[in-house]
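Biologist: Could we go through the aromatic residues and the surface of this model together?
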Amino acid sequence: MRQDQASSSRTEAFRAAIATFIEEQQEAKLKGKGMDAGTAPRYDYATWLANSAARAASVQFATHPLKATFPDAKIRATTSPFIQGRNLPQHWEVGSHLILHDVLDGTGDAAWLVIIRFLGRVMVEGRPLLHWLLENDEDLLQALDPDRNRASQLADSFKQVIRTGQASSSHSRAKQVYWLVGESPAEDGDYHLLQPLFSSSLAHVIHLEIQDARFGEANKLARQAFFQKKPHEAPYRDYRNLVARKLGGTKPQNISQLNSERGGINYLLASLPPKWDMQRPRALLYIESAMERLTYFKGLRQQVAALADFLRADPPPNEDTRRKRRQLEQELGQQLALFAAEIHARLEPGWTRDPACELPLCEQLWLDPERVGLPARAGHEQEDKGFKAAYHAGNWPDEVAGRFANWVNEQLRRAGLLGLGDAEYRHWARQAVIDAAWPVPVQRRAPTGGRA
């Protein structure tokens, strides 16, 4: 008896959710208009379900709609994949695999995208109707129609929104790329023809994040604090140099449901070459270590703060923690290489010959490597010869790595982390990415200890 009551309750929950959705569609359709005799019956519970089920084949769920690259492609003749991120290979790069929770998009006849919203947005027990439908949930079937045969027919019709078991096909006007897989670029058979897929679901996740950063109330307060130079408990997020790619023109609903909800706007993040600041070497003169300038290198303080916050939180010792920590540490080490690359690019070789250069020899070798190719100066032959010999001796990368390790330990101490010693010193030294532009015999051994 209790089981029957529970089943009846679930059926009513499904029915109530479906009825609410249909009423909302009716209200949206008739907003500002009067009800006429021909409109009302279409929103009758059974009639609406029957009409929608009959048109379900005209739409389909798709995370990568082909219409994003060619709007006139017919969905029944071409393939628009429906891919769940958790089923994809997981890797470090940003991609659709990061969408672990369903972001359901749909494409097809724009007039019937309401079916996508119906199956993807109506939630019962925290899951969309689509999930229950694919599991042949008995209570959902009962809610669709008390008659089992009619309910099954409705369910089978709705299931057409997921296309499976079909051979993949593209369109001659879809974006395509010939990719060389063989030995000869002159042979047609040595190419594979690839079709880049547009991930509408990933674009939607990014769109929501950017919209929240630009217009969300929480980030608005953080932005105000940032410009007023006041402390704020939350980070300030800003996406600069964005480009908006408009899909679908004046009819974004012709591409997909989520594209319609974005108004056709699909943000592209900035992908620009580095902009070098042409400065004199003054910033590196009269100081005893370039690490003083490294502290103010682009974004580095934020990266150190992120690492300090992560370590202070004392996360559990599992694979996710190790992966996150490794990522933060590698990013920190890579910044060291970027710092050096920027110095190499914007300062003339030989700048360390300036009498005002007080950097230790290892840092001079690291930041001014092309000096070894310059002719010796009159009156400074021994000094220049010694510089070249020290460079080719190859001990300086380890020395720089050690100075970097001391710098990281000091930054973390200032952030409130205690108990940092030789073990951490050796660990940070191993993270240092030191580029040796010349074929020096770099030892790359971890220094034995620092200023613990």
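Modeller: The exchange below covers ring pairs, a surface patch and one helix; please note that the model is predicted.

Biologist: How many aromatic pairs does the structure hold?
Modeller: There are 14 aromatic pairs. In one of them, Tyr178 and Tyr191, the ring centres are 6.2 Å apart and the planes stand at 85 degrees, so the pair is edge-to-face.

Biologist: Where in the chain are Tyr178 and Tyr191?
Modeller: Tyr178 is in strand β5 and Tyr191 in strand β6, 13 residues apart. Tyr178 counts as exposed because its relative accessibility is 61%, whereas Tyr191, at 25%, counts as partly exposed.

Biologist: And Phe339 with Trp366: what are the distance and angle there?
Modeller: That pair is tilted, with 6.0 Å from centre to centre and 40 degrees between the planes. Phe339 belongs to helix α12 and Trp366 to helix α13, so the pair ties together parts 27 residues apart in sequence.

Biologist: Are Phe339 and Trp366 buried or exposed?
Modeller: Both Phe339 and Trp366 are buried.

Biologist: Turning to the surface, which residues make the nonpolar patch?
Modeller: Val177, Trp179, Val181 and Leu194 make a nonpolar patch of about 370 Å². Trp179 is part of strand β5 and, with 52% relative accessibility, counts as exposed because the cut-off is over 50%.

Biologist: Now helix α2: which residues are buried there?
Modeller: Tyr45, Trp48, Leu49, Ser52 and Ala53 are buried in α2. Viewed down the helix axis, the buried residues fall within an arc of 125 degrees, so they line one face of α2.

Biologist: Which cluster includes Trp48?
Modeller: Ring pairs join Trp48 with Phe21, Phe118 and Phe158 in a cluster.

Conventions
Residues numbered from 1 in each chain as written. Predicted model: local features only at pLDDT ≥ 70, side-chain atom pairs only at ≥ 80, totals over all residues. Heavy atoms only, no water. Patch = residues over 30% accessible without salt bridge, like charges linked within 9 Å, V, L, I, M, F, W, Y side chains within 5 Å. Areas by Shrake-Rupley, 256 points an atom, 1.4 Å probe, with all protein chains shown as cover. Salt bridge = Lys/Arg side-chain N within 4 Å of Asp/Glu carboxyl O. Helix = DSSP H or I, 4+ residues; strand = E, 2+ residues; numbered from the N terminus. Buried < 20%, exposed > 50% of the residue type's maximum accessible area, 1.4 Å probe, protein only. Arc of directions from axis to C-beta. Phe/Tyr/Trp six-rings, centres within 6.5 Å; stacked < 30°, edge-to-face > 60°.
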